Amino acid sequence: MPYTNADLLESLREKIPTFRCIVGCHDCCGPVTASSEEVARLPVKSDEEHERALTDLTCPYLGSSGCEVYAERPLICRLFGTSPRLPCPNGMRPVYMVDDTTEQAVHRFLGSTRQVLL
Ligand code: SF4
Ligand code: SF4
């Protein structure tokens, strides 16, 4: 069975450490791009919702209670705060930061796929 982008996505997701954020914080949510593979997993937003989010410099999936698509949030959202190159502005982090091999693999994956603005 061939190793697909979906397999790679799942494998990268598993390798990025998770951590507890400050309750109610979404300071790092803004306009982000993700691979078309990841965007295809998200519920469709209208053009108006996309435009409003871009005007407000936020993400169309950010709701009043936080990320509405947390289980399917893109790799770049998962990577944020887990690498010294993408530090949380509020000092939150996992016990063990992401390893370099995984971080590079994430960027390789993102660089090899069509990027779409959320
Ligand atoms: S990573 Fe930091 S800035 Fe982003 S939501 Fe968590 S606590 Fe807030
Ligand atoms: S997808 Fe979720 S975590 Fe990522 S920027 Fe949007 S609201 Fe924030």
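The following legends describe close-up views of a predicted model.

**View 1. The largest pocket and its lining.** The largest pocket encloses about 790 Å³ of space. Its lining is made up of 35 residues, and those nearest the centre of the pocket are Cys-21, Cys-25, Cys-28, Cys-29 and Tyr-70. By class, the lining of the largest pocket contains 23 nonpolar, 9 polar and 3 charged residues. Strand E3 (66–67) and helix H4 (75–79) each contribute at least two residues to this lining. H4 contributes the most, with 3 residues.

**View 2. Ligand 1 and its shell.** Ligand 1 sits in the largest pocket. Around ligand 1 are Phe-19, Cys-21, Ile-22, Cys-25, Asp-27, Cys-28, Cys-88, Pro-89, Asn-90 and Met-92. This shell divides into 8 nonpolar residues, 1 polar residue and 1 charged residue. Asp-27 is the charged member and Asn-90 the polar one. Cys-21, Cys-25 and Cys-28 of the shell are also among the residues nearest the centre of the largest pocket.

**View 3. Ligand 2 and its shell.** Ligand 2 occupies the largest pocket, where ligand 1 also sits. The shell around ligand 2 consists of Cys-29, Cys-59, Tyr-61, Leu-62, Cys-67, Val-69, Pro-74, Cys-77 and Leu-118. By class, it holds 9 nonpolar residues, with no polar and no charged ones. Cys-29 belongs to this shell and is also one of the residues nearest the pocket centre. Cys-67 of the shell falls within strand E3 (66–67), and Cys-77 within helix H4 (75–79).

**View 4. The largest cavity.** The model has 1 cavity of 30 Å³ or more. The volume of the largest cavity is about 30 Å³. Its lining is formed by Pro-31, Val-32, His-50, Ala-53, Leu-54, Thr-58, Cys-59, Pro-60, Leu-117 and Leu-118. Helix H3 (residues 47–55) supplies the largest share of this lining, 3 residues, namely His-50, Ala-53 and Leu-54. The lining of the largest cavity comprises 8 nonpolar, 2 polar and no charged residues. Cys-59 and Leu-118 line the cavity and also appear in the shell around ligand 2.

**View 5. Arg-73 and the ring of Tyr-70.** Arg-73 lies over the face of Tyr-70, at a distance of 3.8 Å from the ring centre. Tyr-70 is also one of the residues nearest the centre of the largest pocket. The structure contains 0 aromatic pairs.

Notes
Residues numbered from 1 in each chain as written. Chains lettered and ligands numbered in written order. Predicted model: local features only at pLDDT ≥ 70, side-chain atom pairs only at ≥ 80, totals over all residues. Heavy atoms only, no water. Near = heavy atom within 4 Å. 1 Å grid on protein atoms, 1.4 Å probe; cavity = no way out; pocket = protein on both sides within 12 Å on 5 of 7 lines; lining within 4 Å. Sits in = over half its atoms within 2 Å of the grid points. Phe/Tyr/Trp six-rings, centres within 6.5 Å; stacked < 30°, edge-to-face > 60°. Lys NZ or Arg CZ within 6 Å of the ring centre and 35° of its normal. Points joined across faces, edges and corners; volume = space filled by probe spheres on them. Helix = DSSP H or I, 4+ residues; strand = E, 2+ residues; numbered from the N terminus.
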